[in-house]
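Here's a quick walk through one chain, from a strand pairing out to the overall picture. Take a look at the model before reading on.

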Amino acid sequence: MLFSCSMFAAGNEGDADSISANGQRDGGKAIRSMAQKTYDVTKDFVMGTLKNYLDSSGVKGTDPSYIALPKRKWRVSLTADVDKMNVDVRNTASEGNKSWSFDLEVRPPVSASSGVWVGYMGYGFGFSYLKTGRNSTNLALNMAAPRYSINVRWIRSSTDHKLKGWAEKGMSYQELVESHDYGYKIESFVFDGYWIFNQKKFSPSATYDLSTVQLRSAGSFIAGLMFNYQKCDYSSPDNIGLLVEANHIGKVKMNQLSAGGGYTYNWVPTPGLVINMMAMPVVTFFSSSKLYKYNWAYQYKDADRREINGVTITSDDEHSENGKVALNVNARLAAAYRYKLFVFSFFAQAHYLRSYFEGTSFKVFQWNMKATVGITL
């Protein structure tokens, strides 16, 4: 299930009025057909109050020559969503005269889904059907407002271990150890929020949830905060070769808190089309990792203990580390186009997050894309 919404503070009531084309060299008719600078006031106490709140929220304190409301506020959209995440974990350690290192690269399959979204002024609900990455679960919560934007994304993915039941399949223990076809479970939670300084002329909602219309090009400096959590669990007994190579480490967890600043820009090359670009370097000032170690015991086919036909895993020890300050990147590209009753949108966001510890390093590259085709009512 996908859920998205817009959240604003209520504004002052006013009379409905079509947006003027003052200052526009062309496209005035197109603008008037799709946008209005304020909203229709309704006197109904219950639904009218809610409608006034939602309609007023997008234009409070904004310049009507830059930001307007769509004339048709209800929207039904077909959606397509794609997610991908790569995790690299590198660990080096030594004990006495003995040292070891391992480099784990986790590449889960792309998760793609399609569905339907129905809503009013950016508030709505959507349901999607997962087409690929059948062992993946995604949940997204998006909020956009004149002064801020918030994104939350949770992903959980696992792979079916192709070596499960290796002994029954006639595989030897040596073949199991030499195989790199590992199974794993990964989980990712990312929160990022931005504060918009030029809320008078710039609207993140114009491309993010389509609850406003950007009439002229404008940009804004932004300040942001990010938190991300990653977990990678490969402690399956069928990963015994990796556990040996990793010196008993079978699960890792990482937390990061970052802050930064950047710039975002809404470019309006022609009436009805807006393209948004955002880049924000962030400084990760807090990071921590936890490593989980496991022991194993062998099961033998006969009393002579000559042939291994099974492995059991038990948890052993935990080790925590605090990381160093690191520079990371968060970027976004989005676009929206309105044509008569139809609206098209595209959104892509990428995070590149690194953490460095005394003996462990994490590198996470995560991106998602979303496209919609909708009709407005």
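Which residue of strand 12 does D192 stand opposite? That would be M226. Bear in mind as you look at this pair that the model is predicted.

The strands around D192 are a good place to start. Strand 10 covers residues 185-196 and pairs with strand 9, residues 148-158, in the antiparallel sense. Strand 10 also pairs with strand 12, residues 218-233, again in the antiparallel sense. Here are the two pairings side by side:

| Strand pair | Sense | Bridges |
|---|---|---|
| Strand 9 and strand 10 | antiparallel | eleven bridges |
| Strand 10 and strand 12 | antiparallel | twelve bridges |

For a landmark in the pairing with strand 9, try R153: its bridge partner in strand 10 is V190. For the pairing with strand 12, go back to D192 and M226.

Zooming out, the chain has five helices and 18 strands. It runs to 377 residues, and 48% of them count as buried. If you take the contacts with a separation of 6 or more, 70% come from residues 24 or more positions apart. On the outside, the chain exposes about 18,500 Å², with carbon and sulfur atoms supplying 56% of that area.

Now for confidence. The mean pLDDT of the chain is 80, and 82% of the residues reach 70 or more. Residues 1-26 are another matter, with pLDDT under 50 throughout. The model still has 89 contacts beyond four places in sequence for that stretch. Where pLDDT is low, though, the predicted coordinates shouldn't be read in detail.

Definitions and conventions. Residues numbered from 1 in each chain as written. Predicted model: local features only at pLDDT ≥ 70, side-chain atom pairs only at ≥ 80, totals over all residues. Heavy atoms only, no water. Helix = DSSP H or I, 4+ residues; strand = E, 2+ residues; numbered from the N terminus. Buried < 20%, exposed > 50% of the residue type's maximum accessible area, 1.4 Å probe, protein only. Contact = heavy atoms within 4.5 Å. Areas by Shrake-Rupley, 256 points an atom, 1.4 Å probe, with all protein chains shown as cover. pLDDT = per-residue confidence, 0-100. Pairing = 2+ DSSP bridges.
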